[in-house]
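Here is a model to be read alongside a few working definitions. The turns below ask how certain labels are earned.

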Amino acid sequence: MFPKEKMQHLLEEYDPKDIVIATVCSHSSLQIFHGARMEGFKTLGIALKEQPRHYDAFPLAKPDDFLIVDSYQDIPGLADELVARNAVIVPHGSFVEYLGATQFQELKVPTFGNRAVLEWESDREKEREWLEGAGISMPQKVTDPKDIDKPVLVKYHGAKGGRGFFIAKDYSDFKLGIDWNERYSIQEYVMGTRYYLHYFYSPIREEGYKLSKGTLEMLSLDRRDETNIDEMYKLGAQEELKRLGIFPSFVVTGNVPLVIRESLLPKVFQMGAAVVEKSLELFGGMLGPFCLESIVTDKLEFKVFEVSSRIVAGTNLYPSGSPYSDYVEPGMSTGRRIGREIKEAAERGLLTEIFT
Ligand code: AMP
């Protein structure tokens, strides 16, 4: 991890009135650039091999400038250039994935959010320690595969975007699907409806839904379209499908907008607040946008199966605001909210609070 003192030193060199917001051209970059532009920032798109053409089709979300790299692994070597350009990084899931966790944590460029969260987020045991420690209810864990006596989901460590999961209902099912060379964890398959809750935690705002430090917002929510599990019912029962060699997968292909029963909102806020408070205690806080990936059962209970501690692609549904952010400030996307946070921190001399 790039030392905090060095980052603070680096930030002192920045001109707070001329910050450039940079990210990799993928995932939620259109929204990040669009939002940054609305807040008056210049933007820089980091792209592979050549300038991606589709940005020409979206002029309001096209970065002012591009930085072309041969490989994402070249980005750490360009740190000095990024700093010289007064650029800060706004990371998204693909940014972290393309660069790799270690390179991302070592990157010598101010990065929005707390990079220390990665250790807690990417290890399923530590993630559980964090979330359950915050009082969050998670899908029950099965330690010994021989104990499987109801549908479970087997998740490989480091599996991304739902690829590499499988459902088993007993030990023989498990043996059929398991790759013994991989680290895995097993958890109860929760029956219910999925809600991906998009929050924003500001350590520097004082008005709103107050936490021990700063405030919490809920900007939007979505549900992911996942293939092929979402469409499987059309072909009949799972057992029959297995005989045909068709196995469920959860690969995300898109997102659907949603609102949640209003009576569940107090719980939504209580969960978000508890996860932030615990993060402050464990590793200095998860800053900026984050998402709790949850399933609501027919008892109206939330089970959280994952936390994403940066902007999630589901927020791309709401570039001009959502049914929730409309009650905070019309036209406020998550990308724009990031820009606003950087602007407020720059104006108040608080950049070291939001960058690591
Ligand atoms: P993840 O990679 O943890 O985000 O999970 C990928 C997808 O698997 C989710 O979007 C859900 O559709 C599904 N999923 C994950 N965990 C569970 C669970 N415990 N019960 C039911 N479905 C789950």
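A polar contact is a pair of N or O atoms within 3.5 Å. The model discussed here is predicted.

Q: What makes the pairing of V190 with the ligand a polar contact?
A: A polar backbone atom of V190 is 2.9 Å from a nitrogen atom of the ligand, and because the cut-off for a pair of N or O atoms is 3.5 Å, the pair counts as a polar contact.

Q: How do you know that E188 and E306 also make polar contacts with the ligand?
A: For E188, a backbone N or O atom lies 3.0 Å from a nitrogen atom of the ligand, whereas for E306 an N or O atom of the side chain is 2.8 Å from an oxygen atom of the ligand; each distance is within 3.5 Å, so both pairs qualify. The protein covers 97% of the 470 Å² of accessible area that the ligand has on its own.

Q: Which residues surround the ligand, and how do they divide by type?
A: The ligand is surrounded by 17 residues, with Q187, Y196, E226, E293 and E306 the closest, and the shell divides into 9 nonpolar, 2 polar and 6 charged residues. Among the strands that each supply at least two residues of this shell are β8 (184–188) and β14 (302–308).

Q: Why is C25 called buried?
A: The relative accessible area of C25 is 12%, and because buried means under 20%, the label applies.

Q: Why does C291 count as buried?
A: C291 has 0% relative accessibility, which is under 20%, so C291 counts as buried as well. The structure holds 0 disulfides.

Terms used:
Residues numbered from 1 in each chain as written. Predicted model: local features only at pLDDT ≥ 70, side-chain atom pairs only at ≥ 80, totals over all residues. Heavy atoms only, no water. Near = heavy atom within 4 Å. Polar contact = N/O pair within 3.5 Å; in protein donor to acceptor, adjacent residues only side chain to side chain. Areas by Shrake-Rupley, 256 points an atom, 1.4 Å probe, with all protein chains shown as cover. Helix = DSSP H or I, 4+ residues; strand = E, 2+ residues; numbered from the N terminus. Nonpolar A, V, L, I, M, F, W, Y, C, P; charged D, E, K, R; others polar. Disulfide = S-S within 2.5 Å. Buried < 20%, exposed > 50% of the residue type's maximum accessible area, 1.4 Å probe, protein only.
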